[in-house]
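Colleague: Mind walking me through this one? I'd like to go strand by strand and then see how the chains meet.

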Amino acid sequence: MTAIPYAEALAEFEPVIGLETHVELGTASKMFCGCATEFGAEPNTQTCPVCLGLPGALPVVNETAIESTIRIGLALHCDIATWCRFARKNYFYPDMPKNFQTSQYDEPLCTDGYLDVQVKGETVRIPIERVHLEEDTGKSLHVGGATGRIHGASHSLVDYNRAGIPLVEIVTKPVTGTGAMPAEVAKAYVTELRDVLRGLGVSDVKMEQGSMRCDVNVSLNKPGQEWGTRSETKNVNSLRSVERAVRSEVERQAYVLREGGRIVQETRHFHEDTGMSTSGRSKEEATDYRNFPEPDLVPIAPDVAWVASLRAALPEAPSVRRRKLVEELGLSENDSEAMVNAGVLDVVLATVAAGASAAEARNWWLGHLAQSANAAGVDAPDLPITPAQVAEVAALVASGSLNAGLARQVVDGVLAGEGSPAEVVAARGLAIVKDEGALSAAVEAAIAADPGAAQKVRDGKVAAVGALVGSVMKATRGQADAGMARALLLEKLGVSE
Amino acid sequence: MSDLTRLTAAETASAIASREVSAVEVAQAHLDRIAKVDGQVHAFLHVDAEGALAQARRVDDGELSGPLAGVPLALKDVLCQQDIPTTVGSKILEGWRPPYDATVTARLKAAGVVILGKTNMDEFAMGSSTEHSAYGPTHNPWDLTRIPGGSGGGSSAALASYQAPLAIGTDTGGSIRQPASVTGTVGVKPTYGGVSRYGLVAFSSSLDQAGPCARTVLDAALLHEVIAGYDPRDSTSINQPVPPVVAAARSGEVKGLRIGVVKELTGDGYEEGVQQRFDEAVAILQSLGAIVTEVSCPHFSYALTAYYLIAPSEASSNLARFDAVRYGLRVGDDGERSLEEVTALTRGQGFGAEVKRRIILGTYALSSGYYDAYYGQAQKVRTLITRDFQKAWESVDVLVAPTCPTVAFPLGAKLEDPLAMYKQDICSIPSNLYGGPAASFPAGLSEGLPVGLQVMAPTLREDLLYQVGAALERALPAAVPPLAWEN
């Protein structure tokens with residue numbers, strides 16, 4: 001055993017966490033040139049002299065990217081710089097065309113903000129250190145080896161389509177006081193941040209496609225002592241992994257410390273498959289980036305009135321809309337927190353707007369659809385069903401045309417691409433059978449098939465009718481009106497309630 | 001016409017416009033001249049005869065017109081020209097053909113200027129003699145055993161040997177002006193941001209500036225108007241009208257102009273003959289009605305030091321992209337060696353000694369723990385030098401000094417002494433750090449070799465440079481290179 005269980009570790013040590021989140025902005029063109037940013041294009045088709053870093057080429061700042069970054073800063077309650085510069089971060093890497101990254105160093109666009117998140121009914125304030133803008137690198141593909149990693153590969157290919165896509169980095173200050181739930185806080189923060197960014201419309205925030213990526217910093221210290229040495233876990237690319245990465249690092253560090261060991265300041269790589277991280281490069285051999293102001297770009301001086309107009313036009317924060325959900329729709333705090341964590345707040349609201357009741361919308365998005373999403377390995381809002389379609393199914397249930405089981409079948413049909421709810425109902429013949437004549441045969445058959453149960457009912461054990469109702473439902477493939485079937489059964493058996 | 005290569009650009013353009021001569025004839029005359037003399041001068045790294053003649057035909061066909069349509073030009077090999085080899089005087093870019101035109105190149109083409117080829121230069125524009133070119137030095141047409149200046153020695157030598165009436169140079173720390181000075185030609189460094197840097201292979205981004213080179217002041221002004229002006233592709237480009245340089249070159253009026261002689265740019269290390277010609281030139285301007293005073297710019301003494309921290313720092317970053325991954329030279333890629341080994345071998349063989357020296361200087365100056373003491377301190381000096389200029393403008397309109405403390409020195413004389421080489425630019429560097437325009441104009445000969453007068457002006461006051469240059473040009477008899485080496 002090389003780890004101490006999470007709860008035990010946190011009973012002994014206090015955690016300090018920090019999160020650096022990289023978000024690819026959804027601008028139509030790149031940070032410093034006019035190239036397209038579309039995901040999944042043929043390699044090296046979205047490039048030009050500027051983003052390839054050809055000799056002589058020069059960058060020009062994408063103003064939409066500046067605007068998006070300022071809006072993010074405002075949504076996170078940051079101060080917006082009145083004057084700031086880009087810097088060059090110098091290091092060699094083959095997927096970085098200029099061998100320096102144009103970034104922001106000591107003069108970020110946005111500083112000193114916060115984001116409040118709900119964890120287990122508690123509000124935790126996450127302090128934001130900075131929000132800055134930089135350019136993404138290209139992508140290397142290592143060919144000829146078994147693992148796809150550089151070791152063992154015969155050669156490497158580089159795709160520069162991603163090079164120069166605007167990337168916003170959001171860095172928290174060290175977060176203390178998370179007590180027994182640093183992993184939960186970390187996940188809640190990234191989730192809330194994702195919802196804020198989605199609400200702003202600045203990024204598609206798809207962690208699985210890499211448009212939102214997290215680095216997680218963790219250290220532990222004994223109560224009352226100085227903060228411990230931190231590790232930085234990179235490559236944490238899903239909400240679930242954020243939680244797992246913090247959890248596993250807490251467990252690992254606690255073990256090392258309890259054994260009298262020393263935590264090395266290092267970069268660790270997270271592995272989605274195992275949920276564990278492995279040691280990467282240690283900071284003691286870290287690169288000297290030789291940052292200096294980017295001489296090819298003029299300073300950015302956002303106009304104060306412009307910033308004010310951006311602030312005035314910010315959309316409602318997810319927390320505000322969540323409160324509305326609670327207050328206006330009568331949902332519980334627990335439900336709203338669950339919706340945030342599942343990322344379904346928007347679709348729940350849209351489902352309500354399309355005519356469903358709050359309870360129905362909640363039940364669908366936190367219930368069957370959440371399970372379907374989990375099974376499919378996608379986020380629920382990305383399922384191939386629209387809030388309007390969910391509302392349509394809910395209406396069919398409310399009108400008595402469908403029962404819960406049939407409604408699930410209709411939804412599954414929509415998810416399977418069989419068409420709209422109405423089309424699925426028609427094609428699969430899914431509607432509650434209320435016709436007494438049609439039900440009578442099934443009722444007779446059920447009684448005949450299970451004389452024992454029938455006798456019990458006749459003898460006064462009315463509860464035994466459930467088994468017979470089940471048979472009727474089964475025989476009608478769930479389409480019988482269960483209440484009507486029950487009444488018919490009791491009538492045939494000569495029992496009245 | 002007897003010898004088309006002896007005409008000025010203005011005369012050539014006028015002769016072509018009036019159909020006295022065709023642009024193709026002019027281009028051919030210059031290509032013939034190159035074929036005849038460039039074996040001895042070595043001004044060109046690449047001659048594009050086919051492209052030049054095609055462009056000349058477009059002018060003759062009336063597709064392209066303008067004040068310089070059909071006039072041949074020599075382009076410094078630091079500016080990208082689509083599909084034409086661009087080496088920056090370095091082995092590391094040998095064989096690279098840019099897929100795009102620099103903005104300067106595109107403007108020249110659109111104006112009907114005929115680009116004859118790419119001129120030799122110190123590798124990555126780092127040097128004052130062209131001896132740091134990976135392709136061998138250029139020789140000064142006034143005396144083939146001497147340097148033509150640098151880094152733009154190929155451009156200045158092409159002008160002085162009548163291989164082209166116009167040339168483009170770039171000036172990071174004197175690389176237009178010092179070559180102009182030692183070849184008896186005109187070279188103008190525009191205001192930083194006055195001419196687009198897009199497509200100019202960067203040495204030091206905050207200092208690099210392309211500008212016109214010519215044998216006459218008017219020719220330089222005409223070329224200036226073609227290449228200058230706002231370019232949205234260069235963020236540091238200034239969105240302001242180009243100063244009226246051609247009008248200024250035609251006027252040449254200096255009556256009442258307040259000229260400040262920089263007190264600090266004289267003394268030890270300045271050759272006597274250079275100082276004499278300079279003093280005479282100032283006296284001529286005074287006789288023409290200029291008001292001459294002495295002005296102190298106390299921080300100019302620190303300019304060279306600050307420059308040799310800022311320029312190498314930026315260069316160390318700018319030159320990082322030459323890594324054998326995407327273009328240019330690749331050494332030792334045998335399928336066994338790692339990327340790091342191939343990059344190291346390529347950079348080891350692809351960069352010359354002076355380039356390596358500056359990459360190391362710059363890497364050191366930017367490194368953690370030294371940044372404040374070196375790069376940071378140099379930026380403060382830069383600010384102080386800017387203030388010296390701004391203070392000077394309270395009392396004078398332009399500043400003057402020798403362009404260079406010496407005449408052209410013999411090839412090889414300073415090759416082993418980098419500091420002596422660096423001092424060639426002691427007078428020109430302050431304007432680069434400040435960002436204002438400056439020019440070198442012929443000011444006569446010392447022991448048969450040209451001396452240059454440098455004029456410095458406030459930002460976007462290039463017109464003042466041309467006024468002074470034109471006045472001097474009219475008052476001084478033109479010094480013509482004897483070209484005794486020609487057979």
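Modeller: Sure, and keep in mind that this is a predicted model. Let's start in chain A, where strand S3 (residues 87–90) and S4(A) are joined by four bridges and run antiparallel.

Colleague: Which residue is the bridge partner of Arg88(A) in S4(A)?

Modeller: Arg88(A) has its partner in S4(A). That residue is Thr102(A).

Colleague: Which strands stand at the edges of that sheet in chain A?

Modeller: The open sheet has three strands in the order S4-S3-S14, with antiparallel pairing. An edge strand has a single partner, so one of its sides is left without a neighbour in the sheet. That describes strand S4 (100–103) and strand S14 (292–293) of chain A.

Colleague: Over in chain B, what is the average turn between neighbouring strands of the eleven-strand sheet?

Modeller: That open sheet runs S1-S3-S2-S4-S6-S5-S10-S11-S9-S7-S8 and its pairing is mixed. Strand S1 (44–47) and strand S8 (291–295) of chain B stand at its edges. Ignoring direction, neighbouring strands are turned against each other by an average of 30°.

Colleague: What angle does helix H7 of chain B make with S6(B)?

Modeller: Helix H7 (residues 217–227) packs on the sheet and touches strands S4, S5, S6 and S10 of chain B. Its direction and that of S6(B) make about 150°.

Colleague: How many residues of chain A on the side that touches chain B are nonpolar?

Modeller: The contact involves 25 residues of chain A and 32 residues of chain B. On the chain A side, four are polar and five charged, while the nonpolar ones number 16.

Key: Residues numbered from 1 in each chain as written. Chains lettered and ligands numbered in written order. Predicted model: local features only at pLDDT ≥ 70, side-chain atom pairs only at ≥ 80, totals over all residues. Contact = placed C-beta atoms within 7 Å. Nonpolar A, V, L, I, M, F, W, Y, C, P; charged D, E, K, R; others polar. Pairing = 2+ DSSP bridges. Helix = DSSP H or I, 4+ residues; strand = E, 2+ residues; numbered from the N terminus. Axes fitted to C-alpha atoms, helices over the stretch in contact; angles between N-to-C directions.
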